[in-house]
Amino acid sequence: MLSEIRKDPLSNDWVIIASERGGRPTDLKTETTKEEKGKFCPFCDSSEVSEPVKPHSICAATFAPDGKWMTRILPNKYPALMPEPILAQREMDDLYHCLTGVGGHEILVDSPKHDETLATMSKEQIEAIITNYQCRYSYWRKDPRITYLSVFKNHGKVAGASLHHPHSQLVATPLIPPRLTTELNESKEYFKLNNECLMCKILKTELENKHRLIFENNSVAAFCSFAPRFPFESLIVPKRHSASLEEITKEEISDLAEAMSVIFKKLDKLLNDPPFNYLIHVAPLRTPGLLYYHWHIEVILRLSQPAGFEWGSGVYINSVPPEDAALELNKVKIR
Ligand SMILES: [Zn+2]
Ligand SMILES: [Zn+2]
Ligand SMILES: [Zn+2]
């Protein structure tokens, strides 16, 4: 196949799909980094976790029927931002702009079991993780200084996870991240011209042509991105138009958990527990209910790393066409 330069309609990223450069998509398999035995785990062994659950530290919705906790929230020991009282702005040298580091940084422990992964945990456990995310959006919305909540998961050392125990993180910021601003602007512009949500249109297209579709149930669909920066980069999208994960219903949580379970099981089997990040994109906290913005989860596999060209140009080279990635994933049998 000839190389192709593709543009992502939501992020505006340009990507060179150069399949000639790579071998088969599954050649990207990684060696799983085994954890040393007997290593101290702050989510299993620390006093914080053995203490009884304090009301503010856990979302009540994520207890198992037997009363044991399923997910819990811990403050980050090395927070990037702190809940300081005053948000101040400063200009320097008639040039530079600066805000006080007001915000929040939390660890969301995704399971009491040290060795579980999304590929091995139960659907109920993944439902608890999603419910926990939902609670954090509601919680941080009450703080008027916070305009955006980045919820994400790093899995594997290469992807930035320093701890093996399954966990997600949350960073609450007094600013809307630039990547979100681009998505919001593109979505708004598209809506103005077409009177339709851009992600609803993408979803309709992917469900119709099925070139990149990797999962579908009643309320959720997943597909490899048309212009993926990285091999196997995918989107998990709710079918019902909604601007924020906070508005998700019980049935949708169940469907989303099924989608995540199937996708991560397949990735695990095909690529040997690959390192990944996923991140949740929602409308900013102060502008909920947007008709033109549609929340979603971006899954980024870390099988190849950006290098000089990517850092310098913002353009990515990807050796695995998303159509091939979807084909490989759809061949994987699980269960
Ligand atoms: Zn642990
Ligand atoms: Zn939509
Ligand atoms: Zn996005």
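**Exercise 1. Overall architecture**

How many helices and strands are there in the protein chain?

*Solution.* The structure is a predicted model. Its protein chain contains 7 helices and 14 strands. The radius of gyration is 20 Å, close to the 20 Å that the globule rule gives for 335 residues, so the chain is as compact as a globular protein of that length. Along the principal axes, the C-alpha trace extends over about 60 × 55 × 40 Å. Of the 335 residues, 53% are buried.

**Exercise 2. The zinc ion (ligand 1)**

Identify the protein donors of the zinc ion (ligand 1) and determine the arrangement of the donor atoms.

*Solution.*
- Step 1: the donors are C41 (SG), C44 (SG), H114 (ND1) and H165 (ND1), at 2.0 to 2.3 Å from the ion.
- Step 2: the 4 donor atoms subtend angles of 100 to 120° around the zinc ion (ligand 1), and the arrangement is therefore tetrahedral. The criterion for four donors is that all angles lie between 85 and 135 degrees.
- Step 3: along the chain, the donors of this ion show the spacing C-x2-C-x69-H-x50-H. H114 is located in the loop between strand 6 (104-109) and helix 2 (123-141), and H165 in the loop between strand 7 (148-155) and strand 8, so this pair ties together parts that are 51 residues apart in sequence.
- Step 4: both H114 and H165 are buried.

**Exercise 3. The zinc ion (ligand 3)**

List the donors of the zinc ion (ligand 3) and establish which parts of the chain E183 and H296 link.

*Solution.*
- Step 1: coordination is provided by E183 (OE), E183 (OE), H281 (ND1), H296 (NE2) and E298 (OE), at 1.9 to 2.8 Å. E183 thus appears twice in the list of donors.
- Step 2: the donor residues of the zinc ion (ligand 3) are spaced E-x97-H-x14-H-x1-E in sequence. E183 belongs to helix 3 (residues 178-194) and H296 to strand 13 (residues 296-301); the pair links distant parts of the chain, 113 residues apart.
- Step 3: E183 and H296 are both buried.

**Exercise 4. A nonpolar surface patch**

Which residues form a nonpolar patch on the surface with L175, and is L175 buried, partly exposed or exposed?

*Solution.*
- Step 1: L87 and L99 join L175 in the patch, and the three residues together have about 210 Å² of accessible area.
- Step 2: L175 is situated in the loop between strand 8 (167-173) and helix 3.
- Step 3: the relative accessibility of L175 is 39%, and L175 therefore counts as partly exposed. The limits applied are under 20% for buried and over 50% for exposed.

Definitions and conventions: Residues numbered from 1 in each chain as written. Chains lettered and ligands numbered in written order. Predicted model: local features only at pLDDT ≥ 70, side-chain atom pairs only at ≥ 80, totals over all residues. Heavy atoms only, no water. Donors = N, O, S within 2.8 Å, 3.2 Å for Na, K, Ca; no water. Helix = DSSP H or I, 4+ residues; strand = E, 2+ residues; numbered from the N terminus. Buried < 20%, exposed > 50% of the residue type's maximum accessible area, 1.4 Å probe, protein only. Patch = residues over 30% accessible without salt bridge, like charges linked within 9 Å, V, L, I, M, F, W, Y side chains within 5 Å. Areas by Shrake-Rupley, 256 points an atom, 1.4 Å probe, with all protein chains shown as cover. Salt bridge = Lys/Arg side-chain N within 4 Å of Asp/Glu carboxyl O. Tetrahedral: all angles 85-135°; square planar, octahedral: opposite > 155°, others 65-115°. Rg over C-alpha atoms; globule rule 2.2 N^0.38 Å.
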